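Work through the following exercises with the sequence and the model open side by side. Each task is followed by a solution that goes step by step.

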Amino acid sequence: MSYEVAIEKYLAGPDLLRRSIAGMTAEDLLARPIPGKWSTKEVVCHISDYEPIYADRMKRVIALSEPELLKGDPALFAARLAYERRDVEEELTLIELTRKQMARILGGLHEVDFQRRGMHSRDGTLTLADLLQRITGHIPHHVQFIEEKKQAMAQRAVVRG
């Protein structure tokens, strides 16, 4: 199996995220229309925080022999990493640049390299292919939540109107 298609899907994620927030105002990005859920800005910051983590994990699996891969805690990141002061455009640029760099690295590998493994502190053995699949699905997973927020905001606007 060729990993070219998987890398193309990985590269398509930032554009999907940009399209999902296109036209949203600063107020929209900060809104929490669904109680107990992150704002869209917080979702973007979360994605941006995990892009370099996954890039590091993939780089470690490529370069090292069965490296340890540490888990993260999204709730602690959100609480401690100044999401309220961060700039959405900077976050989107970081996501794009991280994926471009990793795609260049991944594109130079042989198929056998995608079976290299790391040991995740919570999930056990993960191959490079597993890591690529997980991070590729991360943006579409969260875009669903952004779309839910947009629908909830639209419904509130209809009720008010």
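**Exercise 1: The surroundings of one lysine**

Leaving aside residues up to four places away in sequence, Lys59 touches Gln101, Met102 and Ile105. Place Lys59 in the secondary structure of this predicted model, and decide whether Lys59 counts as buried, partly exposed or exposed.

Solution. Begin with the element: Lys59 belongs to helix 3, which covers residues 40-63. Next, take one of the contacts, Met102, which is 43 residues away from Lys59 along the chain, and compare the C-alpha positions, which are separated by 8.3 Å. Finally, turn to accessibility: the relative value for Lys59 is 32%, and Lys59 therefore counts as partly exposed, since that class lies between the 20% limit for buried and the 50% limit for exposed.

**Exercise 2: The sheet**

Determine in what order the three strands of the sheet are arranged, and which strands stand at the edges.

Solution. Step one is the overall arrangement: the three strands make an open sheet with the order 1-2-3, and the pairing is mixed. Strand 1 (68-69) and strand 3 (124-127) are the edge strands, and because each has a single partner strand, one side of each lacks a neighbour in the sheet.

Step two is the pairing of strand 1 with strand 2 (residues 117-120), which run parallel and are joined by two bridges. Here Glu68 stands opposite Met119 of strand 2, while Leu69 has His120 as its bridge partner in that strand.

Step three is the pairing of strand 2 with strand 3, which is antiparallel and extends over four bridges. One position to check is Gly118, whose bridge partner in strand 3 is Leu126. The connection between strand 2 and strand 3 is a hairpin through three residues.

**Exercise 3: The two faces of strand 2**

Sort the side chains of strand 2 by the face to which they point, and state which are buried.

Solution. Start from the general rule that side chains in a regular strand alternate between the two faces of the sheet. Strand 2 shows such an alternation, with Gly118 and His120 pointing to one face, where they are buried, and with Arg117 and Met119 pointing to the other, where they are not buried.

**Exercise 4: An aromatic pair**

Establish how many aromatic pairs the model contains, and describe the geometry of the pair formed by Tyr3 and Phe114.

Solution. The count comes to two aromatic pairs. In the pair of Tyr3 and Phe114, the ring centres are 4.0 Å apart and the planes make an angle of 10°, and the pair is classed as stacked, the cut-off for that class being planes under 30 degrees apart. Now locate the partners: Tyr3 lies in the segment before helix 1 (4-21), whereas Phe114 lies in the loop between helix 5 (88-107) and strand 2, so that the pair links parts of the chain 111 residues apart. Both Tyr3 and Phe114 are buried.

**Exercise 5: The chain as a whole**

Summarise the fold pattern of the chain and its share of buried residues.

Solution. First count the elements, which are six helices and three strands, and then read them along the sequence as α-α-α-β-α-α-β-β-α. Of the 161 residues, 40% count as buried. For the extent of the chain, the C-alpha atoms fill a box of roughly 60 × 30 × 25 Å along the principal axes. Last, consider contacts between residues at least 6 apart in sequence, of which 78% join residues at least 24 apart.

Technical notes:
Residues are numbered from 1 along each chain as its sequence is written. This is a predicted model: local features need pLDDT of at least 70, side-chain atom pairs count only at pLDDT 80 or more; totals for chains, interfaces and linings use all residues. Side-chain values use heavy atoms; hydrogens and water are left out. Two strands pair if DSSP finds at least two bridges between them. Buried means under 20% relative accessible area, exposed over 50%, partly exposed in between (1.4 Å probe, protein chains only). Contact means heavy atoms within 4.5 Å. Rings of Phe, Tyr and Trp (its six-membered ring) pair if their centres lie within 6.5 Å; planes under 30 degrees apart count as stacked, over 60 as edge-to-face and the rest as tilted.
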